[in-house]
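Here are some short exercises to work through with the model open beside you. Try each task first, then compare your steps with the solution.

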Amino acid sequence: FISTTLHVVDQPDINYDMHITSLHRYAVKGLSGDSINSVTLQEGDGTFEDDRRFALLYAGDENNFDQKHPKWLHKDNFLCAFTAPELLSTLSTEYKVDSSDGRRLLTVWSRHDSNRQSSSTPLLIADLACQAGRDEASTFFSDLCGKKVVCVCASDITKSQNNHDDNSDSGETKLSGKHTHQFGNTSSGVKNNGGDTRT
(Lines give C-alpha, C1' and ligand atoms only; values in the text may rest on other atoms or scores of the structure.)
Protein backbone atom coordinates (compact mmCIF):
# COMPACT_ATOMS: atom_id res chain seq x y z
CA PHE A 1 0.00 0.00 0.00
CA ILE A 2 0.94 3.68 -0.23
CA SER A 3 1.37 5.74 2.91
CA THR A 4 0.93 9.49 2.75
CA THR A 5 0.12 12.45 4.96
CA LEU A 6 -2.91 14.66 4.48
CA HIS A 7 -2.52 18.35 5.29
CA VAL A 8 -5.79 20.18 5.93
CA VAL A 9 -5.75 23.81 4.80
CA ASP A 10 -8.05 25.02 7.56
CA GLN A 11 -6.01 23.12 10.17
CA PRO A 12 -2.34 23.62 9.16
CA ASP A 13 -1.00 22.27 12.45
CA ILE A 14 -2.82 18.93 12.17
CA ASN A 15 -1.64 16.08 9.93
CA TYR A 16 -3.64 12.93 9.16
CA ASP A 17 -1.86 9.71 8.24
CA MET A 18 -3.50 8.00 5.26
CA HIS A 19 -2.90 4.59 3.72
CA ILE A 20 -4.00 3.81 0.17
CA THR A 21 -4.60 0.05 0.01
CA SER A 22 -6.33 -0.22 -3.39
CA LEU A 23 -7.38 1.81 -6.42
CA HIS A 24 -10.73 1.35 -8.18
CA ARG A 25 -12.21 3.06 -11.20
CA TYR A 26 -15.95 3.17 -11.96
CA ALA A 27 -15.85 4.28 -15.59
CA VAL A 28 -19.60 3.91 -16.23
CA LYS A 29 -21.96 5.20 -13.57
CA GLY A 30 -23.79 2.28 -11.96
CA LEU A 31 -21.65 -0.53 -13.39
CA SER A 32 -18.90 -2.60 -11.79
CA GLY A 33 -15.69 -0.99 -10.65
CA ASP A 34 -12.27 -2.10 -11.89
CA SER A 35 -9.19 -2.55 -9.74
CA ILE A 36 -6.13 -0.82 -11.20
CA ASN A 37 -2.50 -0.95 -10.16
CA SER A 38 -1.60 2.71 -10.47
CA VAL A 39 -2.79 6.15 -11.47
CA THR A 40 -0.81 9.27 -12.27
CA LEU A 41 -2.22 12.53 -10.97
CA GLN A 42 -0.62 15.86 -11.74
CA GLU A 43 -1.49 19.37 -10.71
CA GLY A 44 -4.08 20.73 -13.12
CA ASP A 45 -5.41 17.31 -14.14
CA GLY A 46 -9.14 17.02 -14.51
CA THR A 47 -9.70 14.00 -12.28
CA PHE A 48 -8.91 10.31 -11.75
CA GLU A 49 -8.64 9.02 -15.34
CA ASP A 50 -12.08 8.07 -16.74
CA ASP A 51 -13.63 7.60 -13.29
CA ARG A 52 -17.40 8.09 -13.72
CA ARG A 53 -16.78 9.56 -17.15
CA PHE A 54 -19.66 7.70 -18.80
CA ALA A 55 -23.30 7.20 -17.87
CA LEU A 56 -26.47 5.60 -19.22
CA LEU A 57 -28.93 8.47 -19.50
CA TYR A 58 -32.63 7.75 -19.98
CA ALA A 59 -33.87 8.97 -23.37
CA GLY A 60 -35.65 12.30 -23.14
CA ASP A 61 -33.34 13.42 -20.35
CA GLU A 62 -30.48 13.90 -22.81
CA ASN A 63 -32.03 17.26 -23.67
CA ASN A 64 -30.90 18.35 -20.21
CA PHE A 65 -27.32 17.21 -20.85
CA ASP A 66 -24.61 19.00 -22.84
CA GLN A 67 -21.66 16.67 -23.43
CA LYS A 68 -19.18 19.51 -23.91
CA HIS A 69 -20.48 21.51 -20.95
CA PRO A 70 -21.92 18.88 -18.58
CA LYS A 71 -23.74 19.79 -15.40
CA TRP A 72 -24.90 17.72 -12.48
CA LEU A 73 -28.06 15.64 -12.94
CA HIS A 74 -29.88 13.60 -10.30
CA LYS A 75 -29.35 9.84 -10.45
CA ASP A 76 -33.05 9.41 -11.22
CA ASN A 77 -32.11 10.40 -14.78
CA PHE A 78 -29.80 7.42 -15.28
CA LEU A 79 -29.93 3.66 -15.57
CA CYS A 80 -27.82 2.87 -12.52
CA ALA A 81 -27.79 0.99 -9.23
CA PHE A 82 -30.26 3.52 -7.79
CA THR A 83 -32.92 3.08 -10.49
CA ALA A 84 -32.37 -0.58 -11.45
CA PRO A 85 -30.41 -2.39 -8.71
CA GLU A 86 -31.76 -5.89 -9.38
CA LEU A 87 -31.23 -5.67 -13.13
CA LEU A 88 -27.65 -4.41 -12.95
CA SER A 89 -26.79 -6.96 -10.27
CA THR A 90 -27.15 -9.66 -12.95
CA LEU A 91 -24.21 -8.18 -14.91
CA SER A 92 -20.46 -8.18 -14.46
CA THR A 93 -18.50 -5.56 -16.37
CA GLU A 94 -14.91 -4.61 -17.10
CA TYR A 95 -13.46 -1.40 -18.50
CA LYS A 96 -9.98 -1.17 -19.99
CA VAL A 97 -8.03 1.66 -21.60
CA ASP A 98 -5.80 0.54 -24.48
CA SER A 99 -2.83 2.89 -24.23
CA SER A 100 -1.59 1.89 -27.69
CA ASP A 101 -4.55 3.27 -29.62
CA GLY A 102 -6.78 5.06 -27.09
CA ARG A 103 -9.67 2.59 -27.20
CA ARG A 104 -11.82 2.43 -24.09
CA LEU A 105 -13.37 -1.02 -24.04
CA LEU A 106 -16.43 -1.87 -21.97
CA THR A 107 -17.07 -5.61 -21.75
CA VAL A 108 -20.25 -7.04 -20.21
CA TRP A 109 -20.86 -10.60 -19.03
CA SER A 110 -23.63 -12.34 -17.13
CA ARG A 111 -22.70 -12.26 -13.45
CA HIS A 112 -23.82 -15.89 -13.13
CA ASP A 113 -20.88 -16.96 -15.29
CA SER A 114 -17.90 -17.19 -12.96
CA ASN A 115 -15.41 -17.89 -15.79
CA ARG A 116 -16.29 -14.75 -17.68
CA GLN A 117 -12.76 -13.64 -18.59
CA SER A 118 -11.35 -17.00 -19.65
CA SER A 119 -14.01 -18.94 -21.51
CA SER A 120 -17.26 -17.00 -21.63
CA THR A 121 -18.78 -15.19 -24.58
CA PRO A 122 -19.35 -11.54 -23.58
CA LEU A 123 -22.80 -10.06 -23.96
CA LEU A 124 -21.22 -6.80 -25.16
CA ILE A 125 -17.85 -5.38 -26.16
CA ALA A 126 -18.04 -1.68 -27.01
CA ASP A 127 -15.40 0.99 -27.53
CA LEU A 128 -16.70 3.95 -25.55
CA ALA A 129 -14.07 6.23 -27.07
CA CYS A 130 -16.12 6.53 -30.26
CA GLN A 131 -19.74 7.35 -30.96
CA ALA A 132 -20.36 4.02 -32.70
CA GLY A 133 -19.27 2.16 -29.58
CA ARG A 134 -21.43 4.31 -27.32
CA ASP A 135 -24.35 3.65 -29.66
CA GLU A 136 -23.73 -0.10 -29.28
CA ALA A 137 -23.82 0.27 -25.51
CA SER A 138 -26.98 2.38 -25.75
CA THR A 139 -28.75 -0.30 -27.79
CA PHE A 140 -27.63 -3.12 -25.49
CA PHE A 141 -28.75 -1.47 -22.28
CA SER A 142 -31.98 -0.19 -23.87
CA ASP A 143 -32.90 -3.76 -24.85
CA LEU A 144 -31.89 -5.00 -21.42
CA CYS A 145 -34.02 -2.59 -19.38
CA GLY A 146 -36.91 -2.10 -21.81
CA LYS A 147 -36.41 1.66 -21.89
CA LYS A 148 -34.36 3.72 -24.31
CA VAL A 149 -31.11 4.89 -22.77
CA VAL A 150 -28.23 6.88 -24.26
CA CYS A 151 -24.60 6.28 -23.34
CA VAL A 152 -23.16 9.75 -22.73
CA CYS A 153 -19.68 10.90 -21.79
CA ALA A 154 -18.43 13.83 -19.79
CA SER A 155 -16.44 15.46 -22.57
CA ASP A 156 -15.99 15.35 -26.32
CA ILE A 157 -14.51 11.96 -27.24
CA THR A 158 -14.14 11.24 -30.94
CA LYS A 159 -12.73 8.52 -33.15
CA SER A 160 -10.84 9.74 -36.16
CA GLN A 161 -8.15 9.09 -38.72
CA ASN A 162 -4.97 11.11 -39.02
CA ASN A 163 -6.88 13.76 -40.95
CA HIS A 164 -8.96 14.39 -37.80
CA ASP A 165 -12.25 13.58 -39.52
CA ASP A 166 -14.43 13.23 -36.43
CA ASN A 167 -17.24 11.62 -38.45
CA SER A 168 -15.09 8.64 -39.34
CA ASP A 169 -15.60 5.28 -37.64
CA SER A 170 -12.16 4.03 -38.69
CA GLY A 171 -8.66 4.95 -37.62
CA GLU A 172 -7.32 5.66 -34.17
CA THR A 173 -9.34 6.69 -31.18
CA LYS A 174 -8.43 9.78 -29.22
CA LEU A 175 -9.58 11.84 -26.29
CA SER A 176 -10.46 15.43 -26.96
CA GLY A 177 -10.20 17.72 -23.95
CA LYS A 178 -9.67 17.02 -20.26
CA HIS A 179 -12.09 15.06 -18.16
CA THR A 180 -13.34 17.48 -15.50
CA HIS A 181 -16.85 16.12 -14.86
CA GLN A 182 -17.96 13.07 -12.92
CA PHE A 183 -21.34 11.34 -12.88
CA GLY A 184 -21.42 10.41 -9.25
CA ASN A 185 -21.42 13.21 -6.71
CA THR A 186 -24.48 14.19 -4.68
CA SER A 187 -26.30 17.50 -4.95
CA SER A 188 -24.99 18.55 -1.52
CA GLY A 189 -21.48 17.48 -2.52
CA VAL A 190 -21.62 19.55 -5.70
CA LYS A 191 -22.93 22.51 -3.71
CA ASN A 192 -20.15 22.20 -1.14
CA ASN A 193 -17.62 22.03 -3.99
CA GLY A 194 -18.86 25.24 -5.52
CA GLY A 195 -20.48 23.48 -8.46
CA ASP A 196 -17.61 21.05 -9.09
CA THR A 197 -18.99 17.54 -9.72
CA ARG A 198 -15.75 15.74 -8.87
CA THR A 199 -15.68 13.62 -5.71
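The exercises below concern a predicted model, and each comes with a worked solution.

**Exercise 1. Strand S6 and its hairpin**

Task: Determine how far strand S6 is enclosed, and describe its pairing with strand S7.

Solution:
- Start with burial. Strand S6 covers residues 91-97, and 5 of its 7 residues are buried, so the strand is largely enclosed by the rest of the structure.
- Next, look at the partner. Strand S7 (residues 104-110) runs antiparallel to S6, and 7 bridges join the two.
- Pick one position to check the register: lysine 96 lies opposite leucine 105 of S7.
- Finally, inspect the turn. There are 6 residues between the strands of this hairpin, and glycine 102 among the hairpin residues has a positive phi near 85°.

**Exercise 2. Salt bridges**

Task: Find the salt bridges of arginine 103 and of arginine 53, and classify the partners as buried or partly exposed.

Solution:
- Begin with the principle: side chains of opposite charge can pair when their charged atoms come close.
- The count for the structure is 5 salt bridges.
- Arginine 103 meets aspartate 98 at 3.1 Å, N to O. Arginine 103 also forms a salt bridge with aspartate 101, with the closest N and O atoms 2.9 Å apart.
- Now classify this group. The buried class ends at 20% relative accessible area. Aspartate 98, at 22%, is therefore partly exposed; aspartate 101, at 22%, is partly exposed; and arginine 103, at 31%, is partly exposed.
- Salt bridges with shared partners also join Asp50, Arg53 and Arg104 into one network.
- Within that network, arginine 53 and aspartate 50 have their closest N and O atoms 2.9 Å apart. Arginine 53 is buried at 2% relative accessibility, and aspartate 50 is buried at 1%.

**Exercise 3. Helix H2**

Task: Compare the expected span of helix H2 with the distance between its end C-alpha atoms, then list its buried residues.

Solution:
- Helix H2 has 15 residues (131-145), and at 1.5 Å a residue it should span 21 Å. Its end C-alpha atoms are 21 Å apart, which agrees.
- The buried residues of H2 are Gly133, Arg134, Ala137, Ser138, Phe140, Phe141 and Ser142.
- To read that list, recall that an α-helix has 3.6 residues a turn, so residues three or four places apart point the same way.
- After the helix comes glycine 146, with a positive phi near 80°.

**Exercise 4. Aromatic pairs**

Task: What is the geometry of the pair formed by phenylalanine 78 and phenylalanine 183, and which parts of the chain does the pair link?

Solution:
- The structure holds 3 aromatic pairs. In this one, the ring centres are 5.6 Å apart with 70° between the planes, making it edge-to-face.
- Phenylalanine 78 lies in the loop between strand S5 and helix H1, and phenylalanine 183 in the loop between strand S11 and helix H3, so the pair links distant parts of the chain, 105 residues apart.
- Phenylalanine 78 is buried at 1% relative accessible area, as is phenylalanine 183 at 4%.
- Another pair joins phenylalanine 140 and phenylalanine 141: with centres 5.0 Å apart and planes at 85°, it is edge-to-face.

**Exercise 5. Cysteines**

Task: How many disulfides does the structure have, and is cysteine 151 buried or exposed?

Solution:
- A search of the whole structure finds 0 disulfides.
- For cysteine 151, the nearest cysteine sulfur is that of cysteine 153, 7.4 Å away. A disulfide requires sulfur atoms within 2.5 Å, so this pair does not qualify.
- Cysteine 151 is buried, at 4% relative accessible area.

Technical notes. Residues are numbered from 1 along each chain as its sequence is written. Side-chain values use heavy atoms; hydrogens and water are left out. Buried means under 20% relative accessible area, exposed over 50%, partly exposed in between (1.4 Å probe, protein chains only). Helices (H or I, at least four residues) and strands (E, at least two) are DSSP runs, numbered from the N terminus. Two strands pair if DSSP finds at least two bridges between them. A salt bridge is a side-chain nitrogen of Lys or Arg within 4 Å of a carboxyl oxygen of Asp or Glu. The expected span of a helix is 1.5 Å times one less than its number of residues. Rings of Phe, Tyr and Trp (its six-membered ring) pair if their centres lie within 6.5 Å; planes under 30 degrees apart count as stacked, over 60 as edge-to-face and the rest as tilted.
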